[in-house]
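Trainee: Please pick one part of this model and take me through it slowly. I'm new to this, so plain words would help.

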Amino acid sequence: MQITDVRVRKVAKEGKMKAVVSITIDNEFVIHDIKVIDGEKGLFIAMPSRKSTDGEFRDIAHPINSETRQNLQNLILQKYEEAAAEEETSEF
């Protein structure tokens with residue numbers, strides 16, 4: 001599995017959510033609405049989720065092992081940081 005595209009849309013309003021990301025896998029499959037969250041221990045990603053009938057949020061799509069999740073998170077956060085740096089540069 002190769003992540004062939006990452007699109008970062010920064011969130012303008014204040015809060016813990018910093019961006020919404022879409023990834024393309026193998027130029028064939030897209031996952032939208034991955035969130036970049038600024039938590040107590042730093043930035044992390046939250047996979048797209050839906051509120052179930054019992055009030056809990058459940059991931060709609062997610063990696064099935066921790067290694068894949070970590071690789072995905074590292075790539076998304078790297079692209080987020082690049083987008084943030086680009087935005088800072090273009091403001092001056």
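**A close look at the open sheet**

Mentor: Let's start with the whole protein: 25% of its 92 residues count as buried, meaning under 20% relative accessible area with a 1.4 Å probe, protein chains only. Keep in mind that this is a predicted model, where local features need pLDDT of at least 70 and side-chain atom pairs count only at 80 or more, while totals for chains, interfaces and linings use all residues. Residues are numbered from 1 along each chain as its sequence is written, and side-chain values use heavy atoms, with hydrogens and water left out.

There are six strands and one helix here (DSSP runs numbered from the N terminus: E of at least two residues for strands, H or I of at least four for helices). Walk along from the N terminus and you meet β-β-β-β-β-β-α.

Now for our part. Four strands make an open sheet in the order β1-β2-β3-β4, and their pairing is antiparallel; two strands pair if DSSP finds at least two bridges between them. β1 (3-10) and β4 (42-46) are at the edges with a single partner strand each, so each has one side without a neighbour in the sheet. Going from one strand to the next, the twist averages 25°, using axes fitted to C-alpha atoms and angles from 0 to 180 degrees between N-to-C directions.

Zoom in on β4 and its partner: strand β3, residues 29-39, pairs with β4 in the antiparallel sense over five bridges. Want a spot to find on screen? Look for Val36, which stands opposite Ile45 in β4.

Technical notes. Buried means under 20% relative accessible area, exposed over 50%, partly exposed in between (1.4 Å probe, protein chains only).
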